[in-house]
Amino acid sequence: MPARPSLKRVPRATFLGRAIAGNLGALIVGVKYFIDPNRITLLYPHEYIKLRQGYRGYIVLIVDKCISCASCARICPARAIKMVTMDVKDKKLNRVMKKKYPVINYNRCIFCGYCVDVCPAEALYHVPYHDLVYLNMQDMILNVEEFQKEPEFITAKEGVPVTYVFDEKRGLVKVSVEESSNQGSSSQLAGGGGNS
């Protein structure tokens, strides 16, 4: 005959006991992180992260280099770029001609950089930031004139550039860019890959 398992009855915590234990645990975690001196909170816009070269920020058009190939519009996975026809005066032929130029809709753009990579004339480039604010959705759809202007980086005027440095004892530590350049080879930038 098979052995019969015996079941032990575990006393269940009451609803009030579970609620108190859960809230008390949450308060303990909150106090622990409030007291922790190693917080890495970014005080934006008084501080901003100094981004590395090659960061894919807003895209800008150099209209004089554009050859109207429409490669940027064809490769865009979000369909954020489309071509519009404009009248352009040809200096050599002295007549007005139709030419297509790209425009961008930042409501759709995912900053993948495919358009910049595929452009054979290098008529598109990234600026190294994208913390801009628009007041309504319509302002995020740029025409050719707006697409040529490099957006103003207001945060750089008001804030202090910071970066995160990896410290063996404390982990990630926020430091100003001047301090991190002074530390030089003694520290490794966060996410920097291998050892130097």
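Two strands count as paired here when DSSP finds at least two bridges between them. That rule sets up the sheet in this model, which is a predicted one. Strands E3, E4 and E6 make an open, three-stranded sheet in the order E3-E4-E6, and the pairing is antiparallel. Strand E3 (81-90) and strand E6 (141-142) sit at the edges with a single partner strand each, so each has one side left without a neighbour in the sheet. The pairing of E4 with E6 rests on two bridges and runs in the antiparallel sense. Across from Asn105 stands Ile141, a residue of E6.

The next thing to look at is the aromatic rings. Five aromatic pairs turn up in the model. In one of them, Tyr58 and Tyr106 meet edge-to-face, with 4.5 Å from centre to centre and 75 degrees between the planes. What does this pair tie together? Tyr58 comes from the loop between strand E1 (47-49) and strand E2 (59-61), while Tyr106 comes from the loop between strand E4 (95-105) and helix H3 (114-118), so the contact joins parts that are 48 residues apart in sequence. Are these two tyrosines buried or exposed? Tyr58 is buried, at 5% relative accessibility, and Tyr106 is buried too, with a relative accessible area of 5%.

Tyr106 also has a ring partner in Phe111: the planes lie at 10 degrees and the centres are 5.9 Å apart, so this pair is stacked. Phe111 belongs to the loop between E4 and H3. With a relative accessible area of 16%, Phe111 falls under the 20% cut-off and therefore counts as buried. Elsewhere, ring pairs link up Tyr48, Tyr129 and Phe153 as a cluster.

Some of the backbone goes against the usual pattern. Most residues other than glycine have a negative phi, and most peptide bonds are trans. Phe111 shows up again here, since its phi is positive, at about 55 degrees, although the residue is not a glycine. Ala70 is another non-glycine residue with a positive phi, near 65 degrees. Where is Ala70 placed? Ala70 lies in the loop between E2 and helix H2 (71-75). Its relative accessible area is 19%, and since buried means under 20%, Ala70 makes the cut. As for peptide bonds, the one from Tyr44 to Pro45 is cis, with omega near 5 degrees. Pro45 is found in the loop between helix H1 (15-35) and E1.

Last come the pockets. Rolling a probe the size of a water molecule over the atoms shows where empty space is left. The second largest pocket holds about 300 Å³ of space. Its lining is made up of 14 residues, and those nearest the centre are Asp64, Val88, Lys89, Lys99 and Tyr101. Which elements give two or more residues to this lining? They are E3, E4 and helix H4 (144-148). E3 gives the most, with four residues, and this is the strand already met at an edge of the sheet. By residue type, the lining of the second largest pocket splits into seven nonpolar, six charged and one polar.

Methods. Residues numbered from 1 in each chain as written. Predicted model: local features only at pLDDT ≥ 70, side-chain atom pairs only at ≥ 80, totals over all residues. Heavy atoms only, no water. Phe/Tyr/Trp six-rings, centres within 6.5 Å; stacked < 30°, edge-to-face > 60°. Buried < 20%, exposed > 50% of the residue type's maximum accessible area, 1.4 Å probe, protein only. 1 Å grid on protein atoms, 1.4 Å probe; cavity = no way out; pocket = protein on both sides within 12 Å on 5 of 7 lines; lining within 4 Å. Points joined across faces, edges and corners; volume = space filled by probe spheres on them. Nonpolar A, V, L, I, M, F, W, Y, C, P; charged D, E, K, R; others polar.
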